[in-house]
Amino acid sequence: MKITNADRRAGVALAAAALAMLGAAGPAAADDGKDGTKVTPGTTYTVSTSKDAKAANAVVCASSNGKANFLFQNDGNLVDYDENGTARWASNTAGSGYSFVFQTDGNAVVYDVNGKPLWASNTAGHPNDWLICQDDGNVVIYDPGPVALWATGTNH
């Protein structure tokens, strides 16, 4: 099934609405009331085997205003979409990515089905950091300082 831009925009809108209602992006999320929902280390997302491609994308986090929507797609690509459904950043792991793990050591990694890392934020060694979708459109990993360790560079 081919996913169109209209499907992506609808998925981003649905994800933002669901996050607004639930107040959480995943099993290890915590909200500090600023920007989007925080994702803490130890969170894993895996490619779904669902036949419905639109329902299989996992929302990692979303900003409160919709400018950043960080998804681990069912094709294995980690993507930051803006409020219009336009991809602004991607891990370029489509077709080979199997899981996205925000590891307990603070490193964010996309792995293939055999456990080989395909992309990483290279932020290991910071076990108390967090990932957040900011209202400026940027997705950032911060340490407790808070000091930005990695970012998509998609603020707009």
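This report describes the fold of a predicted model of a protein chain and then two residues in one of its loops.

## The chain as a whole

The protein chain has 156 residues, of which 46% are buried. Its secondary structure consists of two helices and 13 strands.

The chain exposes about 7,500 Å² of surface, and carbon and sulfur atoms supply 51% of that area. Among the contacts between residues with a sequence separation of 6 or more, 39% join residues that are 24 or more positions apart.

## A sheet of four strands

Four strands form an open sheet in the order S4-S5-S6-S7, and their pairing is antiparallel. Strand S4, residues 58-62, and strand S7, residues 87-90, are the edge strands, since each of them pairs on one side only. From one strand to the next, the twist averages 25 degrees.

Within this sheet, strand S5 covers residues 69-72 and strand S6 covers residues 78-81. The two run antiparallel and are joined by four bridges. One residue pair can be named here: phenylalanine 70 has aspartate 80, in S6, as its bridge partner.

## Histidine 126

The loop between strand S10 (117-120) and strand S11 (130-133) holds histidine 126. The relative accessible area of histidine 126 is 29%. Histidine 126 is classed as partly exposed because this value falls between the limit for buried residues, under 20%, and the limit for exposed residues, over 50%.

Leaving aside residues up to four places away in sequence, histidine 126 touches Asp105, Gly106, Asp143 and Leu149. For one of these residues, aspartate 143, a distance can be given: the C-alpha atoms of histidine 126 and aspartate 143 are 6.5 Å apart in space, while the two residues are 17 residues apart in sequence.

## Asparagine 128

Asparagine 128 is also placed in the loop between S10 and S11. Its relative accessibility is 58%. Asparagine 128 therefore counts as exposed, a class that requires a value over 50%.

A residue from a distant part of the sequence can be set beside asparagine 128. Threonine 40 is 88 residues away from asparagine 128 along the chain, and the C-alpha atoms of the two residues are 7.8 Å apart in space.

## The loop in summary

The loop between S10 and S11 thus includes histidine 126 and asparagine 128. Histidine 126 is partly exposed, whereas asparagine 128 is exposed.

How values were computed
Residues numbered from 1 in each chain as written. Predicted model: local features only at pLDDT ≥ 70, side-chain atom pairs only at ≥ 80, totals over all residues. Heavy atoms only, no water. Buried < 20%, exposed > 50% of the residue type's maximum accessible area, 1.4 Å probe, protein only. Contact = heavy atoms within 4.5 Å. Pairing = 2+ DSSP bridges. Axes fitted to C-alpha atoms, helices over the stretch in contact; angles between N-to-C directions. Areas by Shrake-Rupley, 256 points an atom, 1.4 Å probe, with all protein chains shown as cover.
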